[in-house]
Amino acid sequence: MNSQWIKPDWPVPANVRALITTRAGGVSRGAYGVPPEQQGGMNIGLRSGDNAVDVRANRGTLRAALPTDPRWLNQVHGAAVIDAAQAEDAGAADASFTDAPNVVCVVSIADCMPVFLADASGRCVAVAHAGWRGLAAGVIQATAKAMRGRVVGCELFAYLGPAIGPQHFEVGAEVLDAMRAGLPDAAVAFTSRYRGKYLADLFALGRQALKQAGVVRIYGGGACTFSDPRRFYSFRRDKTTGRHAALIWRV
């Protein structure tokens, strides 16, 4: 595995594997490269505007670290959860889970928060793409429910990956209202700024959603994509930018 990629630090069983790619380690250039040289970017987003040949080369580098091809999703910032084994035949979804060995669940991200889930016995794993729309729609709760439907009574661990941090994620009152509809304590994750604008804390909102879903063993959180341009892509910061991959599987 590329030494610059993130290996989550959480106490899951040894058969659970997860990683998050960072900006470096690939062949993308220009806006998709690593500043200041603008070379060597690890963009995995085929719909990001980058050269498709470079993106496929980056995906090839990623594939070499995996047991099988990742099960890519058609992400739409919603709450649909699917079995990763059916990803190619499914419609839009923003989370996937599996209890089969060597099936690789994946989401792509560039400010939205990836949330890994694994049960304490290592029988089932999942990953969710959780921006504010997905959080408001209940994607984390839906993912936990899907896993418990497959492995009844399982205890879940969670890991929050890199996302836009609370010092940079400015939103309007509609985001606060949307969060309050599903998370009664959502307001504590918002800091008022001016004229109906707020700074929102995705990590705090993610923890609230996880606890609502009965997940209390929560790790990670805090790595800000916006504030670290050499390490992370950020759509809010750059608009034209690449995507990271967050992947989880069991062996």
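Select strand β5 (residues 95-98) and strand β8 (residues 125-130): the two pair in the antiparallel sense over four bridges. Strands here are DSSP runs of E with at least two residues, helices are runs of H or I with at least four residues, and both are numbered from the N terminus. Two strands count as paired if DSSP finds at least two bridges between them. For one bridge, pick S96, whose partner in β8 is V127. Strands of a sheet pair through backbone hydrogen bonds, either parallel or antiparallel.

The model is predicted: local features need pLDDT of at least 70 and side-chain atom pairs count only at pLDDT 80 or more, while totals for chains, interfaces and linings use all residues. Residues are numbered from 1 along each chain as its sequence is written, and side-chain values use heavy atoms, with hydrogens and water left out.

**The six-stranded sheet**

Now show the whole sheet around β5 and β8. The sheet is open, with six strands in the order β4-β5-β8-β7-β9-β13 and mixed pairing. At its edges stand β4 (81-83) and β13 (217-220); each has a single partner strand, so one side of each has no neighbour in the sheet. Neighbouring strands are turned by 20 degrees against each other on average, direction ignored. Angles run from 0 to 180 degrees between N-to-C directions, and axes are lines fitted to C-alpha atoms, for helices over the stretch in contact.

Add helix α3 (residues 139-150), which lies across β4, β5, β7 (113-119), β8 and β9 (156-160) and runs at about 165 degrees to β8. Then add helix α5 (residues 202-212), which packs on the sheet and touches β7, β9 and β13. The direction of α5 makes about 30 degrees with that of β7.

Next, select I218 in strand β13. Is I218 buried or exposed? I218 is buried, with a relative accessible area of 19%; buried means under 20% relative accessible area, exposed over 50%, and partly exposed in between (1.4 Å probe, protein chains only). Leaving aside neighbours within four places in sequence, I218 is in contact (heavy atoms within 4.5 Å) with A158, L160, R207, L210 and K211.

**The three-stranded sheet**

Move to the open sheet with the order β10-β12-β11 and antiparallel pairing. Its edge strands are β10 (170-172) and β11 (190-192), each pairing on one side only. Three bridges join β10 to strand β12 (residues 197-200); in one of these strands, β12, the bridge partner of G172 is K197. Helix α4 (residues 173-182) packs on this sheet, touching β10, β11 and β12, and its direction makes about 80 degrees with that of β10.

**Strand β14**

Select strand β14 (residues 244-250). Seven of its seven residues are buried, so β14 is largely enclosed by the rest of the structure. Colour H244, A246, I248 and R250 for one side, and A245, L247 and W249 for the other. In a regular strand the side chains alternate between the two faces of the sheet. Strand β1 (residues 16-20) is joined to β14 by five bridges and runs antiparallel to it; L19 has L247 as its bridge partner. β6 also pairs with β14 in the antiparallel sense, over five bridges, and I109 stands opposite H244.
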